[in-house]
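This report covers strand pairing and internal space in one protein chain. Please read it alongside the sequence and coordinates.

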Amino acid sequence: MTPPAPQRAWRAACPNCGAPVEFASAASPVAVCSFCRSTLAREGQALRRIGHSAELFDDHSPLQLGAAGRWQGVAFSVVGRLQLRYDQGSWNEWHVLFESGRGAWLSEDNGRHVISVDAPAPPDLPRLDGLPAVGTALRLGDTRWDIASVTRARIAAAEGELPWAPLLERDITLVDLRNPAGEVATADYTDPLRPRWAVGRSVALGELALTGLRVASDKTLAARGVECPSCGSALEIRLDSTRSITCHQCKAVVDVSGGVGADLAFYAQDNPDVDGAQPQLPLGASASMALGGPATDWQVVGYVVRCETEDGTDDGEGEQAFWREYLLYSRSTGFAFLVDAEDGWSWTVPLTGAPQTAGDTALWQGRSYTRLYGYGGSIVYVAGEFYWTLERGQTTRNVDYANGRYRLNREQTGQEVTWSAGQTLQADEVARAFKLPPDRHAALRRDAAAFSGGGALKGGLGGWGPGSISDWLSGRWFAIVVMLFMLVFALRDCSDDGCEELRQVWGPDSPEVKQCLRDRASGISRSSRSSGSSWGGYGSGGGGHK
């Protein structure tokens with residue numbers, strides 16, 4: 001595919017270095033010289049230098065100026081780029097020009113992409129100091145929006161054609177709002193009295209029929225030149241979107257969002273449960289799975305163990321349940337998660353919009369969900385690469401909703417709310433997709449039967465006795481069941497430490513077993529513990545606004 005032919009092109013020499021500067025759109029008022037980085041404004045038939053753009057941080061995005069594609073049947077080309085930075089890293093806003101002459105933005109959003117168009121700001125959009133808190137609803141005209149995040153950022157660099165002059169290195173406030181129609185709006189309060197407004201929808205790069213992309217977008221360490229600041233080992237960064245990576249040698253979690261040459265922050269993982277926390281789906285493992293769309297090739301690139309806490313903090317005391325999240329990456333789709341919780345597996349993907357909530361009900365795409373649990377989460381162990389920055393003590397507040405096997409999760413981290421949606425999975429589906437050998441299938445199975453004496457016994461008697469409830473509740477079958485229950489509990493109390501079920505399922509050095517042993521030592525029996533959210537950690541919106 002070739003880029004759409006512009007209705008009218010305009011070319012002039014850069015007043016700073018003399019290099020040719022070409023405008024694909026005669027309506028573009030600003031461009032950045034690709035040679036000297038001067039920011040140039042058009043004044044009639046001349047160019048005036050109005051500033052200087054910093055060098056772009058080479059994040060190895062597959063997109064570049066001149067790339068072309070189609071969206072909703074209309075051809076476009078990539079003509080400009082803004083690179084924005086904030087405390088958690090950076091993201092790109094690509095300015096695209098359609099063959100009709102209309103511009104739009106192709107932006108990064110929670111590990112995926114959004115195409116948005118500029119529009120007049122709603123007349124009832126509040127001033128920045130009058131906005132409700134993050135996570136609350138706001139009605140603008142006839143549309144309900146949820147305030148998803150408030151981000152302090154700055155434009156660090158720019159290139160190509162842009163619809164307005166970028167104010168480099170000036171702090172700006174961006175507010176993201178999401179609605180039940182699957183849309184995300186961004187209010188740019190650079191000018192507090194005249195905020196810019198853009199509305200977009202999620203799009204997968206694979207849907208855009210892109211050509212002219214950069215070669216080898218998954219650059220490795222040789223292109224990034226990053227060493228672990230803790231032990232000096234080479235960090236093999238494979239993804240263009242990576243913001244945090246775990247050192248394979250010392251297990252330190254390293255913040256690489258600052259780019260090459262930056263002082264890299266890190267934290268050492270002081271975790272006694274490392275051996276038991278290792279993933280059952282190895283980093284780098286691949287599978288073809290249909291996660292909310294057609295079957296796509298996914299690769300495991302990150303792994304997190306989290307513990308459930310009642311208040312969103314980890315004080316190291318009291319009852320805890322654990323869950324595991326596998327970050328999956330697809331070049332054509334973006335990111336998704338596989339979640340391994342106590343009573344089952346599930347998959348989940350971040351949403352562009354936000355479900356409509358009322359009381360204990362959430363409505364999304366015509367389906368009504370009922371609230372299950374509210375709980376906190378705290379990171380226990382990390383391995384691999386992540387598109388957001390992981391920090392020591394990072395905690396979340398989560399709410400899970402369900403409709404049959406369908407699931408929704410609302411996660412709040414600081415000044416950001418992320419919604420995710422997905423479905424439950426059978427353990428055997430996961431094992432088959434990743435082509436695990438048969439002897440590994442049993443270790444992946446998570447259900448209520450594995451964590452309660454009655455459930456485990458029922459599973460063991462499947463198909464053994466009569467099929468009706470009345471048969472079980474009468475005669476010798478009921479007596480046999482009672483005797484077996486008594487025998488199981490008697491043997492467990494006198495022959496082991498009460499944690500054998502967990503040891504067989506999760507491994508002897510797992511966080512679950514160590515927590516169980518702590519509970520037994522403090523007089524808390526396994527049967528008296530409540531996991532709070534049995535789907536604890538079902539959703540993982542990740543973190544990081546962009």
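The text below takes the paired strands, then the largest pocket, then the cavities.

**Strand pairing**

The model is predicted. The table lists four strand pairs with their sense and bridge count.

| Strand | Partner | Sense | Bridges |
|---|---|---|---|
| Strand 10 (residues 112-119) | Strand 15 (residues 196-203) | antiparallel | seven |
| Strand 14 (residues 183-188) | Strand 15 | antiparallel | six |
| Strand 26 (residues 367-386) | Strand 27 (residues 395-403) | antiparallel | eight |
| Strand 27 | Strand 28 (residues 406-413) | antiparallel | seven |

Strand 15 pairs with strand 10 and also with strand 14. Two residue pairs fix the register here: valine 114 is opposite serine 202 of strand 15, and threonine 186 has alanine 198 of strand 15 as its bridge partner.

Strand 27 likewise takes part in two pairings, one with strand 26 and one with strand 28. Tyrosine 401 in strand 27 is the bridge partner of arginine 371, while arginine 397 faces glutamine 412 in strand 28. The link from strand 27 to strand 28 is a hairpin with two residues between the strands. Glycine 404 lies in that turn and has a positive phi of about 60°.

**The largest pocket**

How much space lies in the largest pocket? The volume is about 820 Å³. Its lining consists of 35 residues, and those closest to the pocket centre are Arg112, Gly292, Val349, Leu351 and Gln365.

Several strands contribute to this lining. At least two residues each come from strand 15, strand 20 (296-309), strand 23 (344-350), strand 26, strand 28 and strand 29 (416-425). Strands 15, 26 and 28 from the table are thus among the contributors. By class, 17 residues of the pocket lining are nonpolar, 13 are polar and five are charged.

**Cavities**

How many cavities of 30 Å³ or more does a search of the whole structure find? The search gives five. The largest cavity holds about 60 Å³ of space.

Which residues line the largest cavity? They are Ile155, Trp164, Ala165, Pro166, Leu167, Ile172, Asp188, Thr190 and Arg196. This lining divides into six nonpolar residues, one polar residue and two charged residues. Asp188 and Arg196 belong to the cavity lining; residue 188 falls within the range of strand 14, and residue 196 falls within that of strand 15. Strand 15 also supplies at least two residues to the lining of the largest pocket.

Key:
Residues numbered from 1 in each chain as written. Predicted model: local features only at pLDDT ≥ 70, side-chain atom pairs only at ≥ 80, totals over all residues. Heavy atoms only, no water. Pairing = 2+ DSSP bridges. Helix = DSSP H or I, 4+ residues; strand = E, 2+ residues; numbered from the N terminus. 1 Å grid on protein atoms, 1.4 Å probe; cavity = no way out; pocket = protein on both sides within 12 Å on 5 of 7 lines; lining within 4 Å. Points joined across faces, edges and corners; volume = space filled by probe spheres on them. Nonpolar A, V, L, I, M, F, W, Y, C, P; charged D, E, K, R; others polar.
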